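Q: I am a first-year student, and I would like a close look at one part of this structure before I try to place it in the whole. Could you walk me through that part slowly, and then relate it to the rest of the chain?

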Amino acid sequence: PEAPKPRIEPNTIDPSLRIPDLPAEETLRRRTAAAEIVMDESWFKRGKRAFKSNCSGCHLMRANDPNQKVWQRVLTRGQLAKDGYKDFDQVQYVIRYGKAKGAMVGSGMPGYAAD
C-alpha cells in the first residue's frame with residue numbers, strides 16, 4: 001500500500017493558480033450534499049462540464065457501466081480512500097497539477113490548473 005500523501009500547504013501553490021478558499025460551511029455543504037440537491041447550482045454545472053470534457057475519458061461517471069475498461073475508475077470517496085486519497089486537498093492537488101505514471105494511474109494524469 002502507498003504511504004499517506006502529505007496535506008498540500010497553500011503556500012506551495014503558485015499564487016497565479018491559487019483559487020480563493022470558500023467558507024468552511026460552504027465547502028462542507030458542497031462536499032456532502034446529494035447531487036440532486038445541488039445539481040442546478042452554477043458551480044455544480046461548471047464542475048460537471050469540466051468532468052465530462054477533461055476526466056470522463058478515463059474516469060466513468062457511474063459505476064457498472066457496460067462499456068467500462070479495466071483502467072477506467074469511478075471516482076467514489078471509497079475508491080479514492082482505498083488509493084490513498086483521504087484528504088480533499090490531495091484530490092484537488094492532483095486535479096490541478098496532475099500525477100506521474102504509476103501502478104494505479106496507468107499512463108499518468110495531466111493537471112488542469114491552466115484550464
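A: Y97 is a good place to begin, and its relative accessible area of 28% makes this residue partly exposed, in a model that, it should be said at once, is predicted. Y97 shares helix α5 with Y93, and the two lie 4 residues apart, about one turn of the helix. Y93 also counts as partly exposed, at 33% relative accessibility. The spacing deserves a moment of thought, because an α-helix has 3.6 residues a turn, so residues three or four places apart point the same way.

The helix that carries these two tyrosines spans residues 88-97, and its buried residues are D89, Q90, V94 and R96. When we look down the axis of α5, these buried residues fall within an arc of 165°, so they line one face of the helix. The word "buried" is used here for a relative accessible area under 20%, while "partly exposed" covers the range up to 50%, and it is by this cut-off that Y93, at 33%, is counted as partly exposed.

The two ends of α5 can be described as well. At its N-terminal end the helix is capped by D87, which has a side-chain oxygen 2.7 Å from the backbone nitrogen of D89. Beyond the other end comes G98, a residue with a positive phi, near 85°. Further along, in the segment after α5, we find G108, which is partly exposed with a relative accessible area of 21%. Although G108 and G98 are 10 residues apart along the chain, their C-alpha atoms are separated by 7.6 Å. If we set aside the neighbours within four places in sequence, G108 is in contact with K99, A100 and K101.

To place this helix in the whole, it helps to know that the protein chain has 5 helices and 0 strands, and that its elements, read from the N terminus, run α-α-α-α-α. Of the 115 residues in the chain, 17% are buried. The accessible surface comes to about 8,800 Å², and 58% of it belongs to carbon and sulfur atoms. If we consider contacts between residues at least 6 apart in sequence, 31% of them join residues at least 24 apart.

We can now return to the aromatic rings. A pair of such rings is described by the distance of the centres and the angle of the planes. The whole structure holds 2 aromatic pairs. One of them joins W43 and F44 in an edge-to-face arrangement, with 5.8 Å from centre to centre and 85° between the planes. W43 counts as buried at 18% relative accessibility, whereas F44, at 22%, counts as partly exposed. The tyrosines Y93 and Y97 form a pair that is tilted, with centres 4.6 Å apart and 50° between the planes.

Charged side chains add another part to the picture, for the count comes to 3 salt bridges. In one of these, the side chains of R29 and E26 meet at 2.9 Å, taken from N to O. These two residues are 3 residues apart in helix α1 (residues 24-32), which means that about one helical turn separates them. E26 also forms a salt bridge with R30, and here the closest N and O atoms are 2.7 Å apart; this pair lies in helix α1 too, 4 residues apart, again about one turn of the helix. R29 is partly exposed, with a relative accessible area of 29%, and R30 counts as partly exposed at 27%.

A further salt bridge joins the side chains of R29 and E41, at 2.6 Å from N to O. R29 lies in helix α1 while E41 lies in the loop between α2 (35-38) and α3 (42-54), so this pair ties together parts that are 12 residues apart in sequence. E41, at 24% relative accessibility, counts as partly exposed. Through shared partners, the salt bridges join E26, R29, R30 and E41 into one network.

Note on methods: Residues are numbered from 1 along each chain as its sequence is written. This is a predicted model: local features need pLDDT of at least 70, side-chain atom pairs count only at pLDDT 80 or more; totals for chains, interfaces and linings use all residues. Side-chain values use heavy atoms; hydrogens and water are left out. A salt bridge is a side-chain nitrogen of Lys or Arg within 4 Å of a carboxyl oxygen of Asp or Glu. Buried means under 20% relative accessible area, exposed over 50%, partly exposed in between (1.4 Å probe, protein chains only). The arc is that of the directions from the helix axis to the C-beta atoms. A polar contact is a pair of N or O atoms within 3.5 Å; within protein, one must be able to donate a hydrogen and the other to accept it, and residues adjacent in sequence count only if both atoms are side-chain atoms. Contact means heavy atoms within 4.5 Å. Accessible areas come from the Shrake-Rupley method with a 1.4 Å probe; for residues, only the protein chains shown count as cover. Rings of Phe, Tyr and Trp (its six-membered ring) pair if their centres lie within 6.5 Å; planes under 30 degrees apart count as stacked, over 60 as edge-to-face and the rest as tilted.
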